Amino acid sequence: MDGIKECKICVNTTINPSIKINSKGICNVCEHYNKYFNKEDLEKELEFIKKFIKDEKYDCMVGLSGGKDSSAMLYTTKKLGFTPLAFSFEIGYNEMSDSVKAKIKRITQKLEVDYETIDINNYMSSVDKECLEKMSDLYEQPLTDEFKEKFREIYNEGRKYYSTKQNISFPFVRPCQICRKIAIKAYYEEAVKRNIKVVFVGINEWASNKDNKYTAIRRLKPFENKPEVYIVHLPFLVQRKYDDLPEILKEIGWTREVGDHEVDTGGSACLLAKACEKKANDIMGFHLDAARLSREITVGFIDKNKAREAIKNGNRESKYTVKEVLKRGKII
Ligand SMILES: [Zn+2]
């Protein structure tokens, strides 16, 4: 497309309205990271998190999807000295294949880690349900030019409601934006219930705070009279690289199996995300996951080719429509 620029480092392009490319061909995200990222900040964060290692039944929870990233993360928490409770969230609209279940069982046994599946449907508020229903209506619309324009407007407006504190009924284009709110509530309550302070998640996510310090930790303290919980993006905290994975995966006996989702890394196995991605990509001109994958390139977890591969693999026709996924999950 004419006039569209792509960042020299990552796969962000100016089709995405929040992306600016500077005179050197670098996007605003990469530019900020290269200017402010300091490894020492993360070393301090790692020391801080290790203070929660305790001589108790569990001193942390570790999200486990059976994918490469989360499986390797479970291994790393053990290496750091934690005694984790591994868990997977179950929510109506997602399903875990038998081969993934078997793999999780094998890995947790090998690492001698307890494992639980946690039903988080109860954390879905009526507003969350409304959002999902509105989103499913949006994805039913015929692709007229007028609708495409409206869809893009909704995407841009939805970005303003990224904060999980805003409880607004809105037809978000990205299902992850709704799911994230539900998951954060669930992480917090499930950790507090077990008297656990640290929840490790395998997404290579990060943030920069108002002092431009890069952080892998998000502190949750939604109530004055209840304890805080730390959500820790372990891959970023330990500066994991994609190339570190094979050795760890070999050690824990992780293998690819039939029924695994095709996307090699950083891809979503979520049925709901899958149901949205092709249509959204066709309308928006970029993959809904492009920004997240770009963030993984920015920090050196994957390279550009890997991200392109993930986008290509993740952009296939879904077996179900958004409405069908939600109906199967008894959400609508
Ligand atoms: Zn970039």
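**Notes on the predicted chain**

1. Let's start at glutamate 90: apart from neighbours within four places in sequence, this residue is in contact (heavy atoms within 4.5 Å) with Thr117, Ile118, Asp119, Ile120 and Asn121. Its C-alpha sits 5.8 Å from that of isoleucine 118, though the two are 28 residues apart in sequence. Glutamate 90 belongs to strand β2, residues 84-90; helices (H or I, at least four residues) and strands (E, at least two) are DSSP runs numbered from the N terminus. Glutamate 90 counts as partly exposed because its relative accessibility is 39%; the classes are buried under 20% relative accessible area, exposed over 50% and partly exposed in between, with a 1.4 Å probe and protein chains only.

2. A word on provenance: this is a predicted model, in which local features need pLDDT of at least 70 and side-chain atom pairs count only at pLDDT 80 or more, while totals for chains, interfaces and linings use all residues. Residues are numbered from 1 along each chain as its sequence is written, and side-chain values use heavy atoms, with hydrogens and water left out.

3. Overall, the protein chain has 13 helices and eight strands. Its C-alpha trace spans about 60 × 50 × 45 Å along the principal axes. The radius of gyration, taken over C-alpha atoms, is 20 Å, which agrees with the value near 20 Å for a compact globule of 332 residues; that rule is 2.2 Å times the number of residues to the power 0.38.

4. On packing, 50% of the 332 residues count as buried. Of the contacts with a separation of 6 or more, 72% are between residues 24 or more positions apart.

5. Helix α7 covers residues 175-193, 19 in total, and reaches 27 Å from first C-alpha to last, close to the 27 Å expected; the expected span is 1.5 Å times one less than the number of residues. Its buried residues include Ile178, Ile182, Tyr187 and Tyr188, but also Lys181 and Glu190. After α7 comes asparagine 195, with a positive phi near 60°.

6. Two other positive phi values are worth a look, since most residues other than glycine have a negative phi. Glutamate 112 has phi near 55° and lies in the loop between α4 (98-110) and β3 (114-119); with a relative accessible area of 68%, glutamate 112 is exposed. Lysine 330, with phi of about 55°, is in the segment after α13 (322-328) and is exposed at 72%.
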